[in-house]
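Reader: I am a first-year student and should like to study one part of this structure closely. Please choose that part and explain how it is built and what surrounds it.

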Amino acid sequence: MYTQAMDIPHGDGKPAAVDDPARAAAFDERAARGEFVEAKDWMPEAYRKTLIRQISQHAHSEVVGMLPEGNWISRAPSLKRKAILLAKIQDEGGHGLYLYAAAETLGVSRDDLIDALHSGKAKYSSIFNYPTLTWADIGVIGWLVDGAAIMNQVPLCRCSYGPYARAMIRICKEESFHQRQGFDALHTMMQGTDAQRAMVQDAVNRWWWPVLMMFGPHDKDSQHSETSMKWGIKRISNDELRQQFVDATVEQGKVLGVTFPDPDLRWNEARGHHDFGTIDWSEFWNVVNGHGPCNRERLAARVGAWEDGAWVREAALAHARKRAARAQSAAA
Ligand SMILES: [Fe+2]
Ligand SMILES: [Fe+2]
């Protein structure tokens, strides 16, 4: 999902901090009771680190996710679609800001988090390293990518860390608009010409498997999942979420009139779920490790945008300094 680094081996080479065992036990009990943890509460170092990693990766995914869609603002097919796309991309920027702010409550600086993204140290969701080749890709991103994000993020509204959980409530409301606008754009195209229908089907074919990879590795291969479950950071496993997503999306695909590129996809009466084919995990790891179709392009665009915006940050700081000086001389 937007937080795949949770499932990926990591480590900064430093020995883990040792927590006071009595405090750690009391914390585990609080988490088991389903209580929220707030910024000033005591928390185990591993809990803090896990959250910083997860929330910052989530924030990075929101802002990098603006790039593939931003490529289509000037090519949207109508004024209505352009206005919707602009609003959606602005929402994603806002999601990034709420999430960086939530991460800062854990004692990290936003500058350090952004440096880690720009230097390639921090991860963001693998899905944003795929290209947006046609207008139908924009619809499919809304329908499937935002749809998968909602599936993963609704349980995060009950995450044990209060500032993260509260940010997710507003984010999820906006994500459901994103999903609906994508479905609506595709639905309109499906009522159009054969060429438009073929464009939608082609986009679904290219995005389907990478979207299933967004939920992260199988539960048995997922690092850190157990501790994250114990602490109430994660509530539902990768495989369960992926299954929920497949079951919901197959039905939506029928309404839309598209098929999915998986010959093994079929309803399993005994399980009460859809079976689906094997995911190509070598592709997933390849993209996560920086070798997807657009990894370099995305990072370069992100760093470029940051550098182009330097004058805005400098001007805002200069203005703030002037105001502070004026206030001080008025008070003197
Ligand atoms: Fe978002
Ligand atoms: Fe979104």
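Author: The account below deals with the metal site and then with the helices around it.

The model is a predicted one, in which local features need pLDDT of at least 70 and side-chain atom pairs count only at pLDDT 80 or more, while totals for chains, interfaces and linings use all residues; side-chain values rest on heavy atoms, with hydrogens and water left out. Residues are numbered from 1 along each chain as its sequence is written, chains are lettered from A, and ligands are numbered from 1 in the order in which they are written.

Let us begin with the iron ion (ligand 1). Its protein donors are E62 (OE), E92 (OE), H95 (ND1) and E175 (OE), at distances of 2.0 to 2.2 Å. A donor here is an N, O or S atom within 2.8 Å of the metal (3.2 Å for Na, K and Ca); water is not among the atoms, so a site may look incomplete. The angles among the four donor atoms of this ion run from 86 to 145°, and the site is irregular. That word has a strict sense: four donors are tetrahedral if all angles lie between 85 and 135 degrees; four are square planar and six octahedral if opposite donors are over 155 degrees apart and all others between 65 and 115; anything else is irregular. Along the sequence, the donor residues of the iron ion (ligand 1) follow the spacing E-x29-E-x2-H-x79-E. Distant parts of the chain are linked by the pair E92, in helix α4, and E175, in helix α7 (residues 162–190), which are 83 residues apart. Helices (H or I, at least four residues) and strands (E, at least two) are DSSP runs, numbered from the N terminus.

The iron ion (ligand 2) is held by E92 (OE), D146 (OD), E175 (OE) and H178 (ND1), at 2.0 to 2.2 Å. Its site is irregular too, with angles of 87 to 160° among the four donor atoms. The spacing of its donor residues in sequence is E-x53-D-x28-E-x2-H.

How far apart are the two iron ions, and which residue bridges them? They lie 3.4 Å apart, and E92 is the bridge. Another link between distant parts of the chain is the pair E92, in helix α4 (residues 79–104), and D146, in helix α6 (residues 135–153), 54 residues apart.

Are E92 and D146 buried or exposed? Both are buried, a term for under 20% relative accessible area, with exposed meaning over 50% and partly exposed in between (1.4 Å probe, protein chains only). E92 counts as buried because its relative accessible area is 3%. E175 has a relative accessible area of 0% and therefore counts as buried as well.

One may now turn to a neighbour of the donor H178. G142 lies in helix α6 and touches H178, and also K88, G147, Q179, Q181 and G182, when residues up to four places away in sequence are not counted. Contact means heavy atoms within 4.5 Å. G142 is buried, because its relative accessible area is 0%. Between G142 and F177 there are 8.8 Å from C-alpha to C-alpha, although the two are 35 residues apart in sequence.

Helices α6 and α7 have a further neighbour, helix α10 (residues 238–256). The buried residues of α10 pack against α6 and α7, and also against α8 (194–213), β2 (273–275) and α11 (281–291). Among these buried residues are L241, F245, V246, T249, V250, G253 and L256. Helix α10 has 19 residues and reaches 26 Å from its first C-alpha to its last, close to the expected 27 Å; the expected span is 1.5 Å times one less than the number of residues. After α10 comes G257, with a positive phi near 90°.

Finally, consider helix α2. H58 has its place in this helix, and its relative accessible area of 0% is why it counts as buried. H58 and P163 are 105 residues apart along the chain, and their C-alpha atoms are separated by 14 Å. Helix α2 (45–64) is also a partner of helix α1: the buried residues of α1 pack against α2 and against α9 (225–230). In α1 these buried residues are A24, F27 and A31.
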